[in-house]
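Subject: Structure for you to look at

Hello,

Please find the structure below, and open it before you read on. My notes on what was found follow it.

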Amino acid sequence: MKERIQKFLKRFSFRTGVITLALCVPCYIFSFAQMALPISTTAKGALWFIFFGLAKAFQYGGLTIIGVEGVKRIKDWWKSKRQ
């Protein structure tokens, strides 16, 4: 099952992987920012569970799509941009 999911995700392009990886950032922000809302503790826990789970799913899905070569490509781009 794990191999089937990985094979399916690796069919996507590098750009799709970067977009998917970037989607984890707003989910992390929403998962912790909702703690400031004046709602019940149960609702806060449910929202945190949903948004934190989505953030992790986007993170791992994006990393699987990008792969090892994509991570190296991003690191090289980041280093060249800083110089």
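Accessible areas here come from the Shrake-Rupley method with a 1.4 Å probe. By that method, the chain has an accessible surface of about 6600 Å², and carbon and sulfur atoms account for 68% of it. Please keep in mind that this is a predicted model.

Overall shape

The chain consists of four helices and zero strands, so the order of elements from the N terminus on reads α-α-α-α. How spread out is the chain, compared with a compact globule? Its radius of gyration is 16 Å, while the globule rule gives 12 Å for 83 residues; the first value is well over the second, so the chain is more spread out than a compact globule. The C-alpha trace spans about 45 × 40 × 15 Å along its principal axes. Of the 83 residues, 18% count as buried. Take the contacts between residues at least 6 apart in sequence: 71% of these join residues at least 24 apart.

Helix H3

Helix H3 covers residues 24-33. Which of its residues are buried? They are Cys24, Cys27 and Ser31. These three cover an arc of only 60° around the axis, which puts them on the same side of H3. The general background is that an α-helix has 3.6 residues a turn, so residues three or four places apart point the same way. The buried residues of H3 pack against helix H2 (14-22) and helix H4 (41-82).

Isoleucine 29 is also in helix H3. Together with Val25 and Phe30, Ile29 forms a nonpolar patch on the surface. The accessible area of the patch is about 290 Å².

Helix H4

Several residues of helix H4 are worth finding in the viewer. Glycine 53 lies in this helix and is partly exposed, with a relative accessible area of 36%. Its C-alpha atom is 9.6 Å from that of cysteine 24, although the two residues are 29 apart along the chain.

Alanine 57 is in helix H4 too, and at 49% relative accessibility it counts as partly exposed. Between the C-alpha atoms of alanine 57 and arginine 73 the separation is 22 Å, with the residues 16 apart along the chain.

Is isoleucine 65, another residue of helix H4, buried or exposed? At 9% relative accessibility, isoleucine 65 counts as buried. Leaving out residues up to four places away in sequence, isoleucine 65 touches Leu9, Phe12, Ser13, Gly17 and Thr20. The C-alpha atoms of isoleucine 65 and glycine 45 are separated by 30 Å, and these residues are 20 apart along the chain.

The salt bridge

How many salt bridges does the structure hold? There is one. In general, side chains of opposite charge can pair when their charged atoms come close. Here the pair is glutamate 69 and lysine 72, whose closest N and O atoms are 3.9 Å apart. The cut-off for a salt bridge is 4 Å, so this pair counts. The two residues are three apart in helix H4, which means that about one helical turn separates them. Glutamate 69 is exposed, with a relative accessible area of 58%, whereas lysine 72 is partly exposed, with 45%.

Regards

Methods
Residues numbered from 1 in each chain as written. Predicted model: local features only at pLDDT ≥ 70, side-chain atom pairs only at ≥ 80, totals over all residues. Heavy atoms only, no water. Patch = residues over 30% accessible without salt bridge, like charges linked within 9 Å, V, L, I, M, F, W, Y side chains within 5 Å. Salt bridge = Lys/Arg side-chain N within 4 Å of Asp/Glu carboxyl O. Rg over C-alpha atoms; globule rule 2.2 N^0.38 Å. Buried < 20%, exposed > 50% of the residue type's maximum accessible area, 1.4 Å probe, protein only. Contact = heavy atoms within 4.5 Å. Arc of directions from axis to C-beta.
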